[in-house]
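Here's a quick briefing to read with the structure open beside you. Have a look at the fold, then use the notes below as a tour.

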Amino acid sequence: GALLVNERIDREELCGAVSPCSLGFEIVVENPLELYSGTVEIQDINDNDPVFPSSQARLEISESVAAGARFPLESAQDPDVGINSLQTYQLSANPNFALDVQTRVDGSKYAELVLEKELDREEQRELNLVLTALDGGSPPRSAHVQIHIDVVDANDNAPVFNQSTYKASVRENTPSGTLVARISAYDLDDGPNGDIIYSFSSHTPAKVRELFALDSATGELRVKGQLDYEETKLYEIYLQAKDKGAVPGVAHCKVLVEVVDVNDNAPEVTVTSVYSPVPEDAAPGTVVALLSVTDLDSHDNGLVNCFISPGIPFMLSSSLKNYYTLKTEGNNMPGIPILNVSATDPDLGRNAHLSYTLLGDTTFGHLFSINRDNGTLYLLTSLDHEDQVEFNMMVQVQDGGFPPLATNVSVSVFVTDLNDNAPTVLYPHPNTTNTDVVAPGTPAGHMVTKVVAVDADAGYNAWISYTLLQATDPSLFSVGLHNGEIFTARQLREDDAPEHTLVILLKDHGEPVLSTSATISISVAETVKEVLTDLTDVAPANDPRRHVTFYLILAVILVSAAFFITMLSVGIFKCYKWRQSRELYNSSRSTTYRTPGPFNHIDAVRGGFTPPSFYHQVYLTTDSRQSDLLCKKPFTSSPLGSRQGTIRNGEPGLYHQIVGTASRLPTPAE
């Protein structure tokens, strides 16, 4: 019954890093026949040296790095376990660095260089250190690595991670390429000194590099290999961010990745009771529904976390395991609903869950809001048609899938007008005293003045009607219903009052009707002097515009005088021109229209010495002072042709006169 070793046992080959390492076997005993099981525990001996990934390590450290900075070093690997595994590190003596040995979650050791004294590149450009890894055997086994440190001028700013430790969880059956975490660092430098490259730290185990991949540009950590929950439940990954400067600045962080066991049963939510509908003024804390959540899985896979979508006025509370109460957490959204934007998605589940957002809400965010879940558009405050008639906005509908799909729809809100503005009087100005003048004896139908008003509303709400509300003598004046023009209703008599005050009521056609009034002062004056005197008496002494009416009347008088002088000048000029034409006519009977010698005239025409402009002056009959001038034709090369053309275009009566004249012309021989 002796149990013998059949061949040399290598614990590291059989069990690797698993401790304790045991082998099970079964023994059959005869007479009587019985079956026994046994277990052999393979104990580790210190038969393996620690091993560094490389015999040399090179570091570049800026002289501006402050004391206390830490620099991870490459870890040595020792396949032995327990006390025979890697236990500590030692660093050769030097004035600048100390060694800090730390323990990971799994019990393995790693070392970091700690800068105790700041470096000075001008004093020493490089340092050579020796790192020794020791296990716990007796005697201990060791390994060495040469560390060469270059001291260089560094960046002013090194990259900085937004957090030192990241945590993430991933399912063990997660496919390759799945995003685990996204680390982020920033560098205040510009250019290459501010560009960051992400990478694994030098002491990251090779097994981690086989299972995970890191994007050097984006810092995205993704699954690369096949994760196994039974093998490793937690990965401690050390990453670094390095800029692209001549002396790169480096920052380090840690990512804790928890591998989650796969469960094949989803939680089930059961609504026990629902209190619906809920009044919009229900107090916060009002119970809406009772929920129970169950999961058929066991242990951690059976624990559930129940939550609701963010951004809604409800909350969940639990007083008993897996039982929840849905309560109100706020009142209804402010404002009133004006429109419901509705969309459909033929997908199922979360891929069909739609959310509505108002794009560019910085423009109309203070006026409108939209319910994220049902697409109801709310008006948050009152609108003014006079400020803006139309609002155009864009609503985006997005589903809950990955990647999310979205579509946009344009929404136009038109503001209808309400009668919220009363008519405004432009003339006469409410804060000034204006007096209009009418002469005594003015007949009926004479327009004295006009009330000018506007209404800021639109359409029918802006139509203004004018009525005479009060007057010194109601029978003397009337006002146009639609134009505000004030006329004399009858002829002014001598016994009428010299001063009249009219109150005009202005009403719009809105619902309800809004109105205002205007006061008109009318003075009955015989002369302009009386008008100016009355205006001086009426105008307030402290009114800086008291001379405006006087200057207006004076301007009218001056314009009238200028018009009269202009018409008189035109008449005189016309008479002068008429007399000048008479004198010219009389003098032409003795000089201008004297019959010239036919022989000289014909010779001038035939010889071609007479200029073209002279032809239309001499083409006259013998008795041309009693006839009209003939129409002149364009000048031709032949004087005779020109003369014949002129004759043909003349009047019949004149044609005979020309013919008679031509018959008296001398012959060429003469």
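What follows is a set of short notes, grouped by topic.

Keep in mind that this is a predicted model. The notes go through the salt bridges, a nonpolar surface patch, a small sheet and a stretch annotated in UniProt.

**Salt bridges**

- The model has 12 salt bridges by the rule used here.
- Three of the residues involved, Arg11, Glu12 and Asp44, are joined up in a network.
- Within that network, Arg11 and Glu12 pair up with their closest N and O atoms 3.5 Å apart, and both of these residues are buried.
- Arg11 also meets the side chain of Asp44, at 3.3 Å from N to O. Arg11 sits in helix 1 (residues 11–15), while Asp44 is in the loop between strand 2 (34–42) and strand 3 (56–62), so this pair ties together parts that are 33 residues apart in sequence.
- Asp44 is buried, just like Arg11.
- Further along the chain, Arg490 and Asp496 make a salt bridge, with 3.0 Å between the closest N and O atoms.
- Arg490 has a relative accessible area of 15%, so it counts as buried. Asp496 is buried too, with a value of 12%.

**A nonpolar patch on the surface**

- Val5, Ile9, Leu14 and Leu23 come together as a nonpolar surface patch, and their accessible area adds up to about 350 Å².
- Leu23 belongs to strand 1, which covers residues 21–29.
- Why is Leu23 classed as partly exposed? Its relative accessibility is 35%, and the partly exposed class lies between the 20% limit for buried and the 50% limit for exposed.

**A three-stranded sheet**

- Strands 23, 26 and 25 make an open sheet in that order, with antiparallel pairing.
- Strand 23 (336–340) and strand 25 (368–370) are the edge strands, each pairing on one side only.
- From one strand to the next, the twist averages 30°.
- Strand 23 pairs with strand 26 (residues 376–379) through four bridges, in the antiparallel sense.
- If you want a spot to zoom in on, try Ile336, which stands opposite Leu379 of strand 26.
- As background, strands in a sheet pair through backbone hydrogen bonds, in either a parallel or an antiparallel way.

**The annotated stretch**

- An unreviewed UniProt entry gives residues 550–573 as a "transmembrane region".
- What does the chain look like over residues 550–573? In the model, this stretch is 100% helix and 0% strand, and its end C-alpha atoms are 35 Å apart.

Technical notes
Residues are numbered from 1 along each chain as its sequence is written. This is a predicted model: local features need pLDDT of at least 70, side-chain atom pairs count only at pLDDT 80 or more; totals for chains, interfaces and linings use all residues. Side-chain values use heavy atoms; hydrogens and water are left out. Patches are made of residues with over 30% relative accessible area and no salt bridge: like charges are joined within 9 Å, nonpolar side chains (Val, Leu, Ile, Met, Phe, Trp, Tyr) within 5 Å. Accessible areas come from the Shrake-Rupley method with a 1.4 Å probe; for residues, only the protein chains shown count as cover. A salt bridge is a side-chain nitrogen of Lys or Arg within 4 Å of a carboxyl oxygen of Asp or Glu. Helices (H or I, at least four residues) and strands (E, at least two) are DSSP runs, numbered from the N terminus. Buried means under 20% relative accessible area, exposed over 50%, partly exposed in between (1.4 Å probe, protein chains only). UniProt positions are given in the numbering used here, feature names are shortened, and annotations may be inferred rather than shown by experiment. Two strands pair if DSSP finds at least two bridges between them. Axes are lines fitted to C-alpha atoms, for helices over the stretch in contact, and angles run from 0 to 180 degrees between N-to-C directions.
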